[in-house]
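Subject: Handing over the barrel model

Hi,

Here is the model I promised to pass on. Could you open it next to this message and follow along as I go through what turned up?

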Amino acid sequence: MSKPNLHIAIGILLHRGKVLVGWREASQHQGNKHEFPGGKVEEGETPEEACRREVFEEVGVGINDWHAFDFIRHEYDDVIVNLHLFHAAVPDALLNEIQQPWTWYQRNELLDLNFPKANKAMLKRLHWQRQIKISDDLTALAQLTEHQLLYWRVDAVQANVEALAQENISVLDQLIVNIELWKQLNSIQQQAIGTIHLKQAQCLLLKKGDLKVGHRYLAACHDLNSAQHAQDIGCDAILLSPVLPTATHPDTPALGWAELEQIAQQMDIPVFALGGMTPEHLLEVQQHGAYGVAGQRFI
């Protein structure tokens, strides 16, 4: 006897670096677990329409601007679920409309919550390490701690494609590469790479709907307009620079702590401070509203 095959629309709601999470009652499938809002796609609905309806019915907020996030197929013992995932930012004006018992959680808290197994991939994508190393040396990948990612900042040339082919596929989820290099990889490598990097100029050429569903994007930004554009097209996080003066770009004006805070407080996605940063700056960066730090001096 074949298992039921369900299509479920799920909404991931974001606000100022937090994610909205609820609790599934014991009587429901996969009960007594945390959950994101969502439900079954009804006949005649698109998954996005179902997501919009379910979020309004369950959470109490009506949001029209959604980004496709991922598609996950997971087989349980009793049912097959096809999860159509979308994400959206909740504006300040709608915060008071959110019903109980939905609760905002910091991203680093998500991995400690009791979600159904089908949510494992989306939780991994929502959670970010606090530090990003930047290097042109791929051997730095083996030196990462559990709190770090590596942005391998190299050109999209064949030698670097071949160098990546020598790495164990299981460690590529800790790696960030620019989109031009990512495009030259085979499909298995592309799926394994943890994050696709966009330079500011590359990001500004893109519009909503251009990002590939199921991949995490990190955009380099240098001001509020580029940061808002990155969020508007569906990027997962931004690298904001330069926050402090740097030896490598001494003629580039630094944003400073006040402007970092001004920009970070307007973002619903994580902001990584870049430029003059060390791991010791992490606490100060967080006090100014950013999520983490990035830099070459980590190496």
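First, how the elements are named: helices (H or I, at least four residues) and strands (E, at least two) are DSSP runs, numbered from the N terminus. Also keep in mind that this is a predicted model.

A good place to use those labels is Thr246, which sits in the loop between β13 and α8. Is Thr246 buried or exposed? Its relative accessibility is 16%, and because buried means under 20%, Thr246 counts as buried. Leaving aside residues up to four places away in sequence, Thr246 touches Gly275 and Gly276.

**The barrel**

Now for the overall picture. Eight strands form a closed barrel, in the order β8-β9-β10-β11-β12-β13-β14-β15, and the pairing is parallel. From one strand to the next, the twist averages 25°.

Where do β8 and β15 meet? Strand β8 (residues 131–135) and strand β15 (residues 292–295) run parallel and are joined by three bridges. If you want a spot to look at, take Gln131, whose bridge partner in β15 is Val293.

β15 is covered on both faces: Gly292 and Ala294 are buried on one side, and Val293 and Gly295 are buried on the other. Three bridges also tie β15 to β14, again in parallel, with Leu274 partnered by Ala294 of β15. The connection there goes by way of helix α9 (residues 282–287), and β14, α9 and β15 together make a right-handed β-α-β unit.

**Around β13**

β13 has cover on both faces as well. Ala237 and Leu239 are buried on one side, and Ile238 and Leu240 are buried on the other. Ile238 is worth a click, since it turns up in the pairing with both neighbours. Towards β12, there are four bridges in a parallel arrangement, and Ile238 is the bridge partner of Ala219. Towards strand β14 (residues 271–274), the pairing is parallel too, over three bridges, and Ile238 stands opposite Val271. To get from β13 to β14, the chain passes through helix α8 (residues 256–264), in a right-handed β-α-β crossover.

On the β12 side, the unit made by β12, α7 and β13 is right-handed. Helix α7 (residues 224–232) lies across β12 (217–221) and β13 (237–240), running at about 165° to β12.

**Two helices and their buried sides**

Which residues of α7 are buried? They are Ser226, Ala227, Ala230 and Gln231. These residues cover an arc of only 140° around the axis, so they are on the same side of α7. They pack against β5 (67–75), α6 (200–204), β12, β13 and α8.

Helix α3 (residues 158–165) can be read in a similar way. Its buried residues are Asn160, Val161 and Leu164. Looking down the axis of α3, you find them within an arc of 105°, so they line one face of the helix. Their cover includes β9, β10 (175–178), α4 (179–182) and α5 (187–192).

The spacing fits the usual rule: an α-helix has 3.6 residues a turn, so residues three or four places apart point the same way.

**Cysteines**

You may wonder about disulfides. How many does the structure hold? Zero. Why is there no bond between Cys203 and Cys235? The sulfur of Cys203 has its closest cysteine sulfur in Cys235, 4.5 Å away, which is too far for a bond; the cut-off for a disulfide is sulfur atoms within 2.5 Å. Seen from Cys235, the closest cysteine sulfur is that of Cys203. Cys203 is buried, with a relative accessible area of 1%, and Cys235 is buried with a relative accessible area of 1% too.

**One loop residue on the outside**

Last stop: Glu146, in the loop between β8 and β9 (148–152). Is Glu146 buried or exposed? With 65% relative accessibility, Glu146 counts as exposed, as the cut-off for exposed is over 50%. Glu146 and Gln129 are 17 residues apart in sequence, with their C-alpha atoms 7.5 Å apart in space.

It's all yours now.

Cheers

Definitions and conventions: Residues are numbered from 1 along each chain as its sequence is written. This is a predicted model: local features need pLDDT of at least 70, side-chain atom pairs count only at pLDDT 80 or more; totals for chains, interfaces and linings use all residues. Side-chain values use heavy atoms; hydrogens and water are left out. Two strands pair if DSSP finds at least two bridges between them. Axes are lines fitted to C-alpha atoms, for helices over the stretch in contact, and angles run from 0 to 180 degrees between N-to-C directions. Contact means heavy atoms within 4.5 Å. Buried means under 20% relative accessible area, exposed over 50%, partly exposed in between (1.4 Å probe, protein chains only). A crossover is right-handed if, with the strands pointing away from the viewer, the path from the first strand over the helix to the second runs clockwise. The arc is that of the directions from the helix axis to the C-beta atoms.
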